[in-house]
Amino acid sequence: MTASLDAPGRPASLWLDTLPASLRTRRPALSGDTRADVVVIGAGFTGLWTAYYLTELAPQTSVLVIEAEHVAYGASGRNGGWCTTEMPALLANLVQRYGPMDAMRFFRAGQRTLDEIERVLAAEDIDCGWRRDGSLYVARTPPQVARLRAWQDMRLKLGITDMTLLSAAETSERVGIAGALLSGFTPQCAAVQPAAIAAGLAQAVERRGVTVVEGTRAIELRPGVVVTDRGTIRARSVLCTTEAYTAGLPGHARRVLPVISRALATEPLPEQLWREVGWRDRVTVADSRHQFAYFQRTADDRLLVGGRGSGYRTGSRPQAADRSGERVYARLRESLAESFPALADAPVSHRWSGAYGMHRDGEPGVVYDRDSGLGHAGGYGGEGIALSNLAGRTLAALVTGVKRPETRLFWTGHLSRRWEPEPLRTIGVRGVSALATAADRYEDRFRRTAPLAGAVMRTVL
């Protein structure tokens with residue numbers, strides 16, 4: 001295996017560590033002042049999808065993508081590998097704020113996004129271990145059962161009929177997760193190797209004439225100009241697609257909150273163990289705690305588990321703080337053992353963290369001002385593998401002025417208010433995380449819903 005693309009001293013992401021040699025392209029930095037029609041800041045999912053659709057909608061447009069580190073350095077190479085459009089919390093918020101019609105329009109656009117991603121992967125010959133076996137959301141306590149049934153009721157009222165509730169026995173036929181009382185199966189998810197998508201996209205846009213440079217850090221943005229540590233770029237459109245890393249740009253410290261999540265993966269496991277837990281395909285699995293854990297059987301037969309606690313570093317720094325990491329990794333190992341006792345002793349090969357972006361109102365946004373030429377997209381709240389594609393299509397359409405259904409979704413032009421200044425930001429975010437953990441402990445112990453937990457969390461966030 002060639003060396004990992006992860007930075008020295010940073011816990012290795014499974015995805016970056018196992019990226020095929022053919023996708024480990026390293027690109028030169030910007031070599032002085034230059035011009036382009038469009039400059040995209042950030043070579044993660046959003047930036048690369050935006051560049052890709054710019055080449056489709058306006059192939060004559062010159063596009064330059066700049067990246068401070070390397071392609072897929074951020075969340076695109078450090079996530080849990082779920083390409084899903086379920087968005088349970090977001091969907092409920094959209095119904096409340098915009099009504100059922102707008103909420104459904106967005107949800108349907110998200111569902112179609114899986115087909116669109118699959119189309120591009122096939123057209124560009126990007127091998128990312130794509131396996132569209134759906135997701136299983138598992139309830140293991142009465143409060144979790146109540147939340148799962150409430151989610152199903154909301155979906156049915158909106159006319160969404162693609163989730164099937166499964167009894168404990170039916171759940172064990174899909175995956176033998178211990179203690180399951182009820183589960184909900186939905187087909188709207190694919191298990192993927194996310195870094196391979198980003199790396200493959202980078203090569204695809206380069207074949208289409210886009211220039212991608214790495215090791216080039218943006219230090220100032222203004223209409224028509226991006227100042228970097230390698231030169232100044234002048235462009236008609238300047239698009240910021242840095243998601244959780246946005247706070248590092250001057251003047252943007254409070255626009256996007258970087259929420260740190262963690263994951264670990266076992267060594268490849270023998271087929272005998274997979275048969276023992278009854279996991280025949282690659283359906284993704286999540287429990288229904290407030291601080292939930294999610295699981296994936298990877299293409300090379302590892303068990304990946306992520307979640308169980310979110311972190312935040314004062315000052316909106318997207319790198320994980322070591323002092324809380326060991327506690328979260330321990331909870332992940334506990335979740336693995338509780339859910340799949342037969343795999344409790346499986347050796348772990350990788351542990352890593354990644355940061356996703358969250359807007360103050362919990363809603364993603366895609367914004368482009370035609371007068372200034374400035375635009376941005378992000379705030380996916382952990383659903384970025386799929387939503388970044390939809391955002392890239394939306395942003396490319398706004399830049400080119402092409403009328404597309406995506407530009408009529410609620411998030412076009414949506415601006416969330418900024419996060420509170422420090423130390424209020426730290427106090428609030430860590431308080432919500434502590435409340436969620438306490439609520440889970442209460443429900444696990446007493447088997448009933450924690451008092452006021454849901455209401456308080458909605459109020460704070």
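Visitor: Which residue forms a salt bridge with Arg 155?
Guide: Glu 86 does, with the closest N and O atoms 2.4 Å apart. Keep in mind that this is a predicted model.

Visitor: Where do the two sit in the chain?
Guide: Arg 155 is in helix 5, residues 142–157. Glu 86 is in the loop between strand 3 (82–84) and helix 3 (88–98). The pair links distant parts of the chain, 69 residues apart.

Visitor: Buried or exposed?
Guide: Both Arg 155 and Glu 86 are buried.

Visitor: How many salt bridges turn up in the whole structure?
Guide: A full search finds 33. One of them joins Glu 56 to Arg 208, at 3.9 Å between the closest N and O atoms. Glu 56 belongs to helix 2, and Arg 208 to the loop between helix 7 (194–207) and strand 8 (211–213). They are 152 residues apart.

Visitor: Why does Glu 56 count as partly exposed?
Guide: Because its relative accessibility is 34%, and the partly exposed class runs between 20% and 50%. Arg 208 counts as partly exposed too, at 33%.

Visitor: What network is Glu 56 linked in?
Guide: A network of salt bridges that also takes in Glu 116, Arg 119, Glu 124, Arg 207 and Arg 208.

Visitor: Switching to helix 2. How many of its residues are buried?
Guide: Eleven of 13, so the helix is mostly covered. Among them are Phe 45, Trp 49, Tyr 52 and Tyr 53.

Visitor: And what length does helix 2 reach?
Guide: It covers residues 45–57 and reaches 18 Å from first C-alpha to last, close to the 18 Å expected.

Visitor: What about Arg 302 and Asp 300?
Guide: Their side chains meet in a salt bridge, 2.8 Å from N to O. Arg 302 counts as buried at 8% relative accessibility, while Asp 300 is partly exposed at 35%.

Note on methods
Residues are numbered from 1 along each chain as its sequence is written. This is a predicted model: local features need pLDDT of at least 70, side-chain atom pairs count only at pLDDT 80 or more; totals for chains, interfaces and linings use all residues. Side-chain values use heavy atoms; hydrogens and water are left out. Helices (H or I, at least four residues) and strands (E, at least two) are DSSP runs, numbered from the N terminus. The expected span of a helix is 1.5 Å times one less than its number of residues. Buried means under 20% relative accessible area, exposed over 50%, partly exposed in between (1.4 Å probe, protein chains only). A salt bridge is a side-chain nitrogen of Lys or Arg within 4 Å of a carboxyl oxygen of Asp or Glu.
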